[in-house]
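Biologist: Please take one salt bridge in this model and give me a close look at it. I would like to know what surrounds it, and how the rest of the fold is laid out by comparison.

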Amino acid sequence: MAARVLVLGGGGREHALAWKLAQSSHVQQVLVAPGNAGTACSAKISNAAISSSDHSALAQFCKDQNIEFVVVGPEAPLAAGIVGNLAAAGVRCFGPSAQAAQLESSKRFAKEFMDRHGIPTARWRAFTEPEEACSFIMSADVPALVVKASGLAAGKGVIVAGSREEACRAVQEIMQDKTFGAAGETVVIEELLEGEEVSCLCFTDGRTVAPMPPAQDHKRLLDGDRGPNTGGGSHC
């Protein structure tokens, strides 16, 4: 039987997921919460006014609306454990557990994971005290540094510093001025790696991996890779 599917999120990623799901003969209808203008104008896709922050209310909504499957797009609800909570309520859900989502929600966790498993990555250190971070910056034996808020910061928590003084200012803004809120309680400081950047994203059920075409993300505000990260990107 064709299923009713709920996609959580409101961006272009969720629009693409809903569009593709709606093409399946196994899917009767796709609801998107909160969705956007693009997901509100299709016979098989519609928006739903339900928040993903209240997991109990969301589970009840799924039962009331006969939702058989939930697909989670954004990082924040994944980090908050929505997959485990919905599963515990008997709602099938596609997405990583809160523990696995730490690869995205904690840069420190991700760097430790890569070191532990021998995955090449830039040299780095993590700090919870701004004074220690700045002392490391001024003495680090690397030509250029990147300062990152360890937590989720909507793609904006990365500062490519033009000097050691700029890197220290970034630490102070993140840790003391709370520019990115709780995401900046820990900072990760890395050596700057220069070159082309490619994102290779995949879908997996834990056994099978289905890769999507590689994409290149251009986040810097100005031409020539200058300016702050915008949190958005153009893919080509």
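**A salt bridge and its setting**

Modeller: In this predicted model, Arg123 and Glu191 form a salt bridge, with 3.2 Å between the closest N and O atoms. Arg123 lies in the loop between H6 and strand S6 (124-127), whereas Glu191 belongs to strand S9 (residues 187-191), so the pair ties together parts that are 68 residues apart in sequence. Glu191 is buried, its relative accessible area being 16%, which puts this residue under the 20% limit for that class. As background, side chains of opposite charge can pair when their charged atoms come close.

The strand that carries Glu191 is part of an open sheet. This sheet has four strands in the order S6-S9-S7-S8, and the pairing is antiparallel. Its edges are S6 and strand S8 (158-160), each of which pairs on one side only. From one strand to the next, the twist averages 20 degrees. Strand S7 (residues 145-149) and S8 run antiparallel and are joined by three bridges. Within this part of the sheet, Val147 stands opposite Ile159 in S8. Helix H6 packs on the sheet and touches S6, S7, S8 and S9, its direction making about 140 degrees with that of S6.

H6 has a salt bridge of its own. Arg108 pairs with Glu112, and their closest N and O atoms are 3.4 Å apart. Both residues sit in helix H6 (residues 107-116); because they are four residues apart, about one helical turn separates them. Arg108 is partly exposed, at 31% relative accessibility, and Glu112 is also partly exposed, with a relative accessible area of 32%.

For comparison, there is another group of charged residues. The structure holds six salt bridges, and a network of them links Arg13, Glu14 and Glu75. Between Arg13 and Glu14, the closest N and O atoms are 3.1 Å apart. Arg13 is partly exposed, with a relative accessible area of 44%, while Glu14 is buried, at 3%.

Arg13 and Glu14 fall within helix H1 (residues 12-21), which lies across S1, S2, S3 and strand S4 (67-72) and runs at about 170 degrees to S1. Helix H2 (residues 55-64) packs on the sheet as well, touching S1, S2 and S4, with its direction at about 155 degrees to that of S1. The sheet in question is open and has five strands in the order S3-S2-S1-S4-S5, with parallel pairing. Strand S3 (45-47) and strand S5 (93-94) stand at its edges with a single partner strand each, so one side of each is left without a neighbour in the sheet. Strand S1 (residues 3-9) pairs with strand S2 (residues 27-34) in the parallel sense over seven bridges. Arg4, for instance, has Gln29 in S2 as its bridge partner.

To return to your salt bridge, Arg123 is in a loop and Glu191 in strand S9. The sheet to which S9 belongs is the antiparallel one, and H6 packs on that sheet.

Definitions and conventions. Residues numbered from 1 in each chain as written. Predicted model: local features only at pLDDT ≥ 70, side-chain atom pairs only at ≥ 80, totals over all residues. Heavy atoms only, no water. Salt bridge = Lys/Arg side-chain N within 4 Å of Asp/Glu carboxyl O. Buried < 20%, exposed > 50% of the residue type's maximum accessible area, 1.4 Å probe, protein only. Helix = DSSP H or I, 4+ residues; strand = E, 2+ residues; numbered from the N terminus. Pairing = 2+ DSSP bridges. Contact = heavy atoms within 4.5 Å. Axes fitted to C-alpha atoms, helices over the stretch in contact; angles between N-to-C directions.
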